[in-house]
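The exercises below are meant to be worked through with the sequence and the model side by side. Please try each task before reading the solution that follows it.

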Amino acid sequence: MTSVAKPNLGPLSARPVSCSRVEMTEMVLPPDTNQHGTIFGGRVLQWIDIAGAIAATRHARLKVVTASIDQMHFLVPVFLAEVVVLKSCVNFVHHSSMEVGVRVEREVPLTGERIHAATAYLTFVAIDDDGRPIAAPPLLVETGEELRRFQAAELRRAQRLAHREALRAMRLTD
Ligand SMILES: CC(C)(COP(=O)(O)OP(=O)(O)OC[C@H]1O[C@@H](n2cnc3c(N)ncnc32)[C@H](O)[C@@H]1OP(=O)(O)O)[C@@H](O)C(=O)NCCC(=O)NCCS
């Protein structure tokens, strides 16, 4: 009898970035648009949050909540009946927190042309049944691109914490 070694995919064994990958495709319908006939920014944020939450959950296989969404920019307008493609994956894991990157592309349906429309970085936190933060599995970085994203996310986290600390110190001196 041949025995096949099963990978240990328990909640706390390291998981490759590829386990968390998400590609989500949406069509822009009339209720998604604003008075200019272009997509409503809040709808894009909703899709970003969903694509991010699925990626974080695929990585952790635990309940997750959105802790924060970093600064994001809408680069180009997206029009009614166009297609929006969202690609996300976990970039970095600290303890209970995970940074997820979401890239948004606008696809012109009749040509297939894709244009980068937005990028967002979100932090999700793994929680237990009582809503308390719990450890998420470590991230296994396998490619040079994944390493670049990991290091950039680590830098963003350090900047976020330094910024929060600076604001706290400023309030204490008020
Ligand atoms: C996110 C939440 C669970 C953090 O709980 P907390 O008691 O403040 O947790 P802690 O201060 O112990 O921090 C736990 C982790 O969250 C991270 N964190 C907390 N607030 C954060 C924020 N605003 N941005 C990014 N990360 C944050 C911490 O850095 C820490 O990460 P680490 O464990 O990897 O080191 C809690 O603030 C919460 O439930 N917020 C509401 C979430 C929500 O309702 N989201 C919208 C719907 S999903």
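**Exercise 1. Find how β5, β6 and β7 are paired, and how each hairpin is closed.**

Begin with β5 and β6, which run antiparallel and are joined by 10 bridges; strands here are DSSP runs of E with at least two residues, helices are runs of H or I with at least four residues, both numbered from the N terminus, and two strands pair if DSSP finds at least two bridges between them. Within this pair, valine 85 stands opposite glutamate 105 in β6, and a hairpin of three residues joins β5 to β6.

Before going further, note that this is a predicted model, in which local features need pLDDT of at least 70 and side-chain atom pairs count only at pLDDT 80 or more, while totals for chains, interfaces and linings use all residues. Residues are numbered from 1 along each chain as its sequence is written.

Next, follow β6 to β7: these two strands pair in the antiparallel sense over 11 bridges, and the bridge partner of arginine 103 in β7 is threonine 119. Their hairpin has six residues between the strands, and glycine 112 in the turn has a positive phi of about 80°.

**Exercise 2. Locate valine 108 and decide whether it is buried or exposed.**

Valine 108 is found in the loop between β6 and β7. Because it has 14 C-beta neighbours inside 10 Å, valine 108 counts as partly exposed (buried means 20 or more other C-beta atoms within 10 Å, exposed means 12 or fewer, and partly exposed lies in between, with C-beta atoms placed from the backbone). Finally, look across the sequence: valine 108 and glutamate 82 are 26 residues apart in the chain, yet their C-alpha atoms are 5.6 Å apart.

**Exercise 3. Describe the largest nonpolar core and one residue within it.**

The largest nonpolar core has 33 residues, and among those with the most contacts inside it are Ala56, Val90 and Val100; such a core is a set of buried Ala, Val, Leu, Ile, Met, Phe, Trp, Tyr and Cys residues joined through C-beta atoms within 7 Å. The elements that give two or more residues to this core are α1 (41-60), β5 (83-93), β6 (97-107) and β7 (114-127), with β7 providing the largest share, eight residues. Now take valine 100 itself: leaving aside neighbours within four places in sequence, its contacts include Gly52, Ala56, Val90, Leu122 and Phe124, a contact being two C-beta atoms, placed from the backbone, within 7 Å.

**Exercise 4. Examine the two loop residues arginine 61 and alanine 81.**

In general, most residues other than glycine have a negative phi. Arginine 61 nevertheless has a positive phi, near 50°, and lies in the loop between α1 and β3. Alanine 81, in the loop between β4 (73-74) and β5, likewise has a positive phi, near 75°. Turning to burial, arginine 61 counts as partly exposed because it has 15 C-beta neighbours inside 10 Å, and alanine 81 is partly exposed, with 13 other C-beta atoms within 10 Å.

**Exercise 5. Compare the span of helix α2 with its expected value, and state how well it is covered.**

Helix α2 (residues 144-173) has 30 residues and reaches 44 Å from its first C-alpha to its last, close to the 44 Å expected at 1.5 Å a residue, where the expected span is 1.5 Å times one less than the number of residues. As for covering, α2 is hardly covered, since two of its 30 residues are buried.
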